[in-house]
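Trainee: Please take one part of this structure and go through it closely. I would like the packing and pairing laid out step by step.

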Amino acid sequence: MDYALMVSDYLNASDVGVPSYLDVPPERPSEFLVVELTGGAADDRVMRTPSVDVDCWAQTRARAAAIASDVRDALLTMPDSLPNVFGARISTTYNSPDMDSGTPRYVVGCDITANE
């Protein structure tokens, strides 16, 4: 299963209201999300514990932080909404402005418990 795609699709269908992608789009919107699989394990033949980061891009640091808060809330509801997700835990949230462009960005890390 492509867990980054699953999370991106979930965020696009959520009330966050910011488009989510798997890569930075060539023509950047003023606000957007990028979901990346950052790790995880196969606990057994069925259970997986993938980790994802959601980069929250915006025009100001305050707005990026606000989007990150909305993303955290949305990620925590995944077990209530997706049949193959049994847990979601926010592992970190931090300010990480893009070094190349200087664009404000917050990162939300989430550990997921899911099955194939």
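Mentor: What follows starts with a helix pair and then turns to the strands and two single residues.

The model is predicted, and local features need pLDDT of at least 70, side-chain atom pairs count only at pLDDT 80 or more, while totals for chains, interfaces and linings use all residues. Residues are numbered from 1 along each chain as its sequence is written, and side-chain values use heavy atoms, with hydrogens and water left out.

Two packed helices are described by the angle between their axes and the distance between the axes. Here helix α1 (residues 3-13) packs on helix α2 (residues 61-76) at about 110°, with the axes 10 Å apart. Helices (H or I, at least four residues) and strands (E, at least two) are DSSP runs numbered from the N terminus. Axes are lines fitted to C-alpha atoms, for helices over the stretch in contact, and angles run from 0 to 180 degrees between N-to-C directions. α1 and α2 are therefore roughly perpendicular, a label for angles of 65 to 115 degrees, with under 35 counting as roughly parallel, over 145 as roughly antiparallel and the rest as oblique. At the contact (heavy atoms within 4.5 Å), Val7, Tyr10 and Leu11 of α1 meet Val71, Ala74 and Leu75 of α2. By class, this contact has six nonpolar residues, no polar and no charged ones; Ala, Val, Leu, Ile, Met, Phe, Trp, Tyr, Cys and Pro count as nonpolar, Asp, Glu, Lys and Arg as charged, and the others, Gly among them, as polar.

Leu76 also lies in α2. Leu76 is partly exposed, at 42% relative accessible area; buried means under 20%, exposed over 50% and partly exposed in between, with a 1.4 Å probe and protein chains only. Leaving aside residues up to four places away in sequence, Leu76 touches Ala88, Arg89 and Ile90.

As for the strands, β2 (residues 32-42) and β3 run antiparallel, joined by ten bridges; strands pair if DSSP finds at least two bridges between them. Four residues separate β2 and β3 in a hairpin, and Glu36 has Asp53 of β3 as its bridge partner. β3 is also joined to β5 (residues 105-115) by nine bridges, again antiparallel, with Val107 of β5 as the bridge partner of Asp55. Nine of the eleven residues of β3 (residues 47-57) are buried.

Asn84 sits in the loop between α3 (78-81) and β4 (85-95). Asn84 is buried, at 14% relative accessible area. Beyond residues up to four places away in sequence, Asn84 touches Met1, Met6, Thr113, Ala114 and Asn115.
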